[in-house]
Amino acid sequence: MKRAGILNRHLAGALAELGHGDGVLVCDAGMPIPGGPRVVDLAFRAGVPSFAEVLDGLLAELVVEGGTAAREVREANPAAAELLRARVPGLELVGHEELKALSAGARLVVRTGEARPYANVLLRCGVFF
């Protein structure tokens, strides 16, 4: 049994399969999930788990070289915008429709219970060496 880190076996296993350049979409409960990527749905109730909790847990386990979020987050959800700015290296902002189109290329989607708008980010995996 794992001592720490991500304990959800489906999520831990999916993370172990990621490689350099793979995309991981961390999304709120309302984001349309594209067909194709593996999905780990963590949503339990509205707001649980939060986008911030899941993002922090993933960032503690992944090497991330960049990320993409919707520019609409700045006005609609300033708290999420600040969280992304502070934690995601090389953050790029695009229109929400473009983010949805880009998410189809993700290798993994992690759905949170977040119930605030535009709490979504497409992370790009880096390499530890």
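Leucine 55 lies in helix 2, which spans residues 51–61. The model under discussion is a predicted one. Within that model, leucine 55 is classed as buried because its relative accessible area is 0%, under the 20% limit that defines the class. Leucine 55 can also be placed relative to alanine 80: the two residues stand 25 positions apart in sequence, and their C-alpha atoms are 11 Å apart in space.

The approach to helix 2 contains a feature of the backbone. Proline 49 is found in the loop between strand 2 (38–41) and helix 2. The peptide bond that joins valine 48 to proline 49 is cis, with omega at about -10 degrees. A further backbone feature appears at tyrosine 118, where phi is near 60 degrees, a positive value in a residue other than glycine. Tyrosine 118 has its place in the loop between strand 5 (108–111) and strand 6. With a relative accessibility of 25%, tyrosine 118 counts as partly exposed, since this class covers the range between the 20% and 50% limits.

A second buried residue is found in a strand. Valine 94 belongs to strand 4, residues 91–94, and is buried, its relative accessible area being 4%. Valine 94 and leucine 83 are eleven residues apart along the chain, and 17 Å separates their C-alpha atoms.

The discussion now turns to charged side chains. By the distance rule applied here, the count of salt bridges comes to nine. One of them is formed by arginine 38 and glutamate 17, whose closest N and O atoms are 3.0 Å apart. This pair links distant parts of the chain, with arginine 38 in strand 2 and glutamate 17 in the loop between helix 1 and strand 1 (23–27), 21 residues apart. Arginine 38 is partly exposed at a relative accessible area of 36%, and glutamate 17 is likewise partly exposed, at 47%.

Strand 2 also takes part in another such contact. The side chains of aspartate 41 and arginine 111 meet in a salt bridge with an N to O distance of 2.8 Å. Here too distant parts of the chain are linked: aspartate 41 is in strand 2 and arginine 111 in strand 5, 70 residues apart. Aspartate 41 counts as partly exposed because its relative accessibility is 44%.

Which salt bridge joins two residues of helix 4 that lie three residues apart? The partners are glutamate 82 and arginine 85, and their side chains meet at 2.6 Å, N to O. Both residues lie in helix 4 (residues 78–87), and their spacing of three residues corresponds to about one turn of the helix. Are these partners buried, partly exposed or exposed? Glutamate 82 is partly exposed, with a relative accessible area of 40%, whereas arginine 85, at 55%, counts as exposed, because that class begins over 50%. Arginine 85 can further be related to alanine 69: the two are 16 residues apart along the chain, and their C-alpha atoms are separated by 9.9 Å.

The surface also carries a nonpolar patch. Val63, Val127, Phe128 and Phe129 form this patch, and together they have about 480 Å² of accessible area. Among its members, phenylalanine 128 has its place in the segment after strand 6 (121–125). Phenylalanine 128 is exposed, with a relative accessible area of 74%.

One member of the patch, Val63, leads on to the largest pocket, as Val63 is also among the residues that line it. About 160 Å³ of space lies in this pocket. Its lining consists of Lys2, Ala12, Leu15, Ala16, Leu18, Gly19, His20, Glu61, Leu62, Val63, Cys125 and Gly126. Which element contributes the largest share of that lining? Helix 1 (residues 9–16) does so, with three residues. By class, the lining has seven nonpolar residues, three polar and two charged.

Technical notes:
Residues are numbered from 1 along each chain as its sequence is written. This is a predicted model: local features need pLDDT of at least 70, side-chain atom pairs count only at pLDDT 80 or more; totals for chains, interfaces and linings use all residues. Side-chain values use heavy atoms; hydrogens and water are left out. On a 1 Å grid over the protein atoms alone, a cavity is a set of points where a 1.4 Å probe fits but cannot get out, and a pocket is an open set with protein on both sides within 12 Å along at least five of seven lines; lining residues have an atom within 4 Å of a point. Grid points are joined across faces, edges and corners, and a volume is the space filled by probe spheres set on the points. Helices (H or I, at least four residues) and strands (E, at least two) are DSSP runs, numbered from the N terminus. Ala, Val, Leu, Ile, Met, Phe, Trp, Tyr, Cys and Pro count as nonpolar, Asp, Glu, Lys and Arg as charged, and the others, Gly among them, as polar. Patches are made of residues with over 30% relative accessible area and no salt bridge: like charges are joined within 9 Å, nonpolar side chains (Val, Leu, Ile, Met, Phe, Trp, Tyr) within 5 Å. Accessible areas come from the Shrake-Rupley method with a 1.4 Å probe; for residues, only the protein chains shown count as cover. A salt bridge is a side-chain nitrogen of Lys or Arg within 4 Å of a carboxyl oxygen of Asp or Glu. Buried means under 20% relative accessible area, exposed over 50%, partly exposed in between (1.4 Å probe, protein chains only).
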